[in-house]
Amino acid sequence: MKFHVISHTHWDREWHQTYQQYRVRLVRFMDELIELLQSTPAYSSFMLDGQTIVLEDYLEVKPDKREAISKLVQEGRLLIGPWYIQPDEFIPSGESLIRNLLIGQQISNEYGTAMQIGYLPDSFGQAAQIPQVLNGFGIKSALFWRGITEEETEKTDFYWNGPDGSKVLTTHLPLGYGNARMLSSNLEENVKVIEENINELEKMTTSPNMLLMCGFDQRSAIKELPEIMDELNRHYSGQGADYSFEISKLMDYFDNVRNEADKLESLSGEFRKGKNMRVHVSIASTRLDLKKVNFEVQNLYEKYLEPINSMSMLLGNSYDNKIINQGWKYTLQNHAHDSICNVCKDETHREMEMRYQFAEQIAETVQSEALTELINQVKFDYDKGIPLLVFNTLGHMRDNIVETTIQLKSEHFIITDTEGNVIPYQVVETKQENLNDKRIEIGVKNEDQFVWTIKIMFFAEIEGLGYKTYYIKENETHSNKESELVFQEGVFINEYFEAKIESNGSLTVKDYSTDTVYDHLNVLEESGNAGDEYDFSPPREDVIITTKNSSPDISVVHNGPLFAEVKIVHTIDVPVNTDVNKRSKEQEIMTIETFVKVNRHEDRIDIKTVIHNTVKNHRIRALFNTGIKSKTHVADQQFGTICRENYLPQVEYWERDHWEEKYFPIYPQQKFVDVSDDKRGISILNKGLPQYEILNGEEPVIALTLLCGTDYMGKQDLVYRPGRRSGLHVETPDSSLLGKHEMEYSIIPHKGNEMDAYVAMKSNEYITPAFAVQVNSHSADGVPRHSDQNSFFQLYEENMAISAVKKSEDDENVIVRIYNATNQEMSSAKASFDTQFFNKVELVDLNEKPIVNTNERMSISKGIIEIKNITSNEILNFKLTR
Ligand SMILES: [Zn+2]
């Protein structure tokens, strides 16, 4: 048996200490490590936790150590990368996981090369798309600890397959990433450590190789490790055992295992079982305010900033990857597993807020500059009126409602398209403003300048990725062809459904496409939470309050021919607190406002819920009774959907078998969850609400978590997580989420399953409304050359989606990343590109490097791309060369 001793550290960049508090230790740790490796040639290698951010954090303080680090990396003694930061795998978007590796590789390349192993020692469960993301960077091996059990495999090594057919040789660490952390100068103790590992792991190995991970959280290198190896070798050879010990590298371990890999099992999918170690299955509900900001910032970069800046670049303007990547870095820093799972102290979470603000400030400034430059390149026809530029960044032809605010001299106006057709609109809000109030007065008073600030909604139809100009003509009278109101006698009516608001505030929806009636939609449920930042857990005796018998105030906010909105206000008495045993007798009034909005030409029912939270340690969810018989459901994960069980048998035996935590159908999600029986179905879309639970397995009720408050980082002996505490017993008042919180979600009833109904595309339309901007004037010199409408790239297959549109990292071309948003194969898909802007299209990998031999899959003719044999959930990257 060859024992591969991996000397490493696990560096949580922030957690129960802040980044700067840990950084003080990081600097000392790195100083000592460099000194140790330089002075001890026998110390053959040290692994720097798979994340390159520690180098940035260190070198900002000690830039003079850069050369020493480069030398050690190039000698193969300091192993860095592949990630920028050790991520959580479920909350970040798929695009974020890619950028994490992309930036991690870039930083690694500054020093040498990245360790080509998907090292994920501490992430709270493993997401199904990790193999595909790793393979996209040429990474063929992965290592993780949490989430897998003997129910999946009794071996440590296996092939982990992605849904698209990608695969990584994977090893999991049944005893964690510190199974040899106790090695010391004491031989007797060391022999105990080795024997314990042999006892536990020998039966699980698939080759005569065993991993001994010598390192732990924020821990320095063990200086005596070379001598410890010698001593162990001497000891066991003296006993005649065929054991060898050496300071090794993960790559060497994988090379050895790969030699005997023909007998390895293949597994696929996600691993989220907390049997032998905790995965914190309900972790996605903590600090939903921060989770929402995370969603917004990701979407700002992915679906607004980068595509709009790319369009501007195609019209001849600048695109600076470096500043945009700096914004990405602030976002990714928040994707560290402890950070985005929000199991930190309040100070740490406040610093996350600040990083999101940095990322937003960069994005808004760069986007505003890109827009100004783009506008300067467009030939508008001012005779038609004031231009109103509308962007489509999703790639499909879209015909959606656009909400925008315009400023006009007249309250009366019409909107036309480029052909002069009058476009119906509905006014949401009008106010008169004096622009002088917004200017600085120097010495004398400025002249008053009154304008109408008008928020409007109208339907815009835009071909693929691109923009289109509408024109506003002032002083003309507008009348909508359709005058029928969307909300009539307590019921929203459009061409897709009728949605009635019941007296308890819930919705009853009749879907015309299937003649199905869904009732009890959006019933609110409030219950106790005795859990902590890591897990929701009910008190031993819970009191569950719902709005089923509530009598809310219901009022119409907007009602017109294009859309209507109704406000429902629940005032509920709820217990002021909850401990591990029960909810308190004392009660407090809590107000929940729900705004329900329906657009005439869209098949969604949009809901915004505003919770004025006055109490601690409780959870609020929105329940959706599907009434559909189905044993499984589908959820949106990174790059498409995943099918999951409604009922998990482990619910019956986890406690008996002493699992670390309860395993039940509470799941993470990206943009939607869908229940269908293939004839009819219902989808619940969300804007940054990453957790749902399936109740009532056979006829599922979807429970969407809206708010989950807790006042401690870690507590012990929870009903759902018995035994020791996770984290520290630190008070986290911010995690109680007192105050006002808004959340948005939407219902789509549909025919067939989620693929027949193009729910993936609709969820993108929901979370990424078309963006419109009023053009007041050109500011630049020179003559604008480009048309007032352009479609640079278009997707024709509704179940394909765009993940990214960006400038390539190494040259001035455009990367368009698309993916199969379903978990089914697709025989072919078409897309088109504008040959005025691009003259070549090639397939590249996630690292933006060309893939050879793609001729059989991809054909291109006259600006039409056809891709064949698309596997389920497959990501495809085009490089469009100018
Ligand atoms: Zn960690």
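A residue counts as buried if 20 or more other C-beta atoms lie within 10 Å of its own. Keep that cut-off in mind for the views below, and remember that this is a predicted model.

**View 1. Leu97, a buried residue in helix 4.**
Start with Leu97, which you'll find in helix 4, residues 94–111. Is Leu97 buried or exposed? There are 26 other C-beta atoms within 10 Å of Leu97, so by the cut-off above it is buried. Setting aside residues within four places in sequence, the contacts of Leu97 are Pro87, Pro92, Val133 and Gln638. Now look for Tyr304: it sits 207 residues from Leu97 in sequence, and their C-alpha atoms are 18 Å apart in space.

**View 2. Ala128 and the residues around it.**
Ala128 isn't in a helix or a strand; look for it in the loop between strand 4 (118–120) and helix 5 (130–135). Even so, Ala128 is buried, because it has 23 other C-beta atoms within 10 Å. Which residues does Ala128 touch, if we don't count those up to four places away in sequence? They are Gly162, Pro163, Gly269, Glu270, Gln637 and Ile642. Pick out Gly269 from that set: along the chain it is 141 residues from Ala128, yet their C-alpha atoms are separated by 4.4 Å.

**View 3. Helix 7 and its two sides.**
Helix 7 covers residues 225–238, and you can check its length with a bit of arithmetic. At 1.5 Å a residue, the 14 residues should span 20 Å, and the end C-alpha atoms are indeed 20 Å apart, so the two values agree. Which residues of helix 7 are buried? They are Leu225, Ile228, Met229 and Leu232. Looking down the axis of helix 7, you'd see the buried residues fall within an arc of 100°, so they line one face of the helix. Here's the handy rule behind that kind of pattern: an α-helix has 3.6 residues a turn, so residues three or four places apart point the same way. The buried residues of helix 7 pack against strand 1 (2–7), helix 6 (187–201), strand 8 (209–214) and strand 9 (244–247). On the face turned away from the buried side, you'll meet the exposed residues Arg234, Ser237 and Gly238. After helix 7 comes Gly240, with a positive phi near 80°.

**View 4. Helix 10 and its packing partners.**
The same length check works for helix 10, residues 321–333. Its 13 residues should span 18 Å at 1.5 Å a residue, and its end C-alpha atoms are 18 Å apart, so that agrees too. The buried residues of helix 10 include Ile324, Trp328, Tyr330 and Leu332. What do the buried residues of helix 10 pack against? Their partners are helix 2 (53–59), helix 4, helix 9 (288–314) and helix 12 (346–376). You've met helix 4 already: it's where Leu97 is found.

**View 5. A sheet of three strands, and where two domains touch.**
Here the strands make an open sheet in the order 12-16-15, with antiparallel pairing. Strand 12 (398–408) and strand 15 (425–434) are at the edges with a single partner strand each, so one side of each has no neighbour in the sheet. On average, neighbouring strands of this sheet are turned by 20° against each other, direction ignored. How many bridges link strand 15 and strand 16 (residues 450–462)? There are nine, in the antiparallel sense. For one facing pair, find Tyr425, which stands opposite Phe458 in strand 16.

Now zoom out to domain 2 (386–393 + 405–481) and domain 3 (489–767). Their C-alpha centres lie 37 Å apart. Where they meet, six residues of domain 2 are in contact with six residues of domain 3. Strand 15 and strand 16 each supply at least two residues of the side of domain 2 that touches domain 3.

**View 6. Strand 35 and its two partners.**
Strand 35 (residues 701–708) is mostly covered, with seven of its eight residues buried. Strand 28 (residues 618–625) runs antiparallel to strand 35, and seven bridges join them. In this pairing, Leu623 stands opposite Ala703. Strand 34 (residues 691–695) also pairs with strand 35 in the antiparallel sense, over four bridges. Here the bridge partner of Ile694 is Ile702. Strand 34 and strand 35 form a hairpin with five residues between them, and Asn696 in the turn has a positive phi of about 60°.

Methods. Residues numbered from 1 in each chain as written. Predicted model: local features only at pLDDT ≥ 70, side-chain atom pairs only at ≥ 80, totals over all residues. Pairing = 2+ DSSP bridges. Axes fitted to C-alpha atoms, helices over the stretch in contact; angles between N-to-C directions. Expected span 1.5 Å × (residues − 1). Buried ≥ 20, exposed ≤ 12 C-beta atoms within 10 Å, placed from the backbone. Arc of directions from axis to C-beta. Contact = placed C-beta atoms within 7 Å. Domains from an automatic or database assignment.
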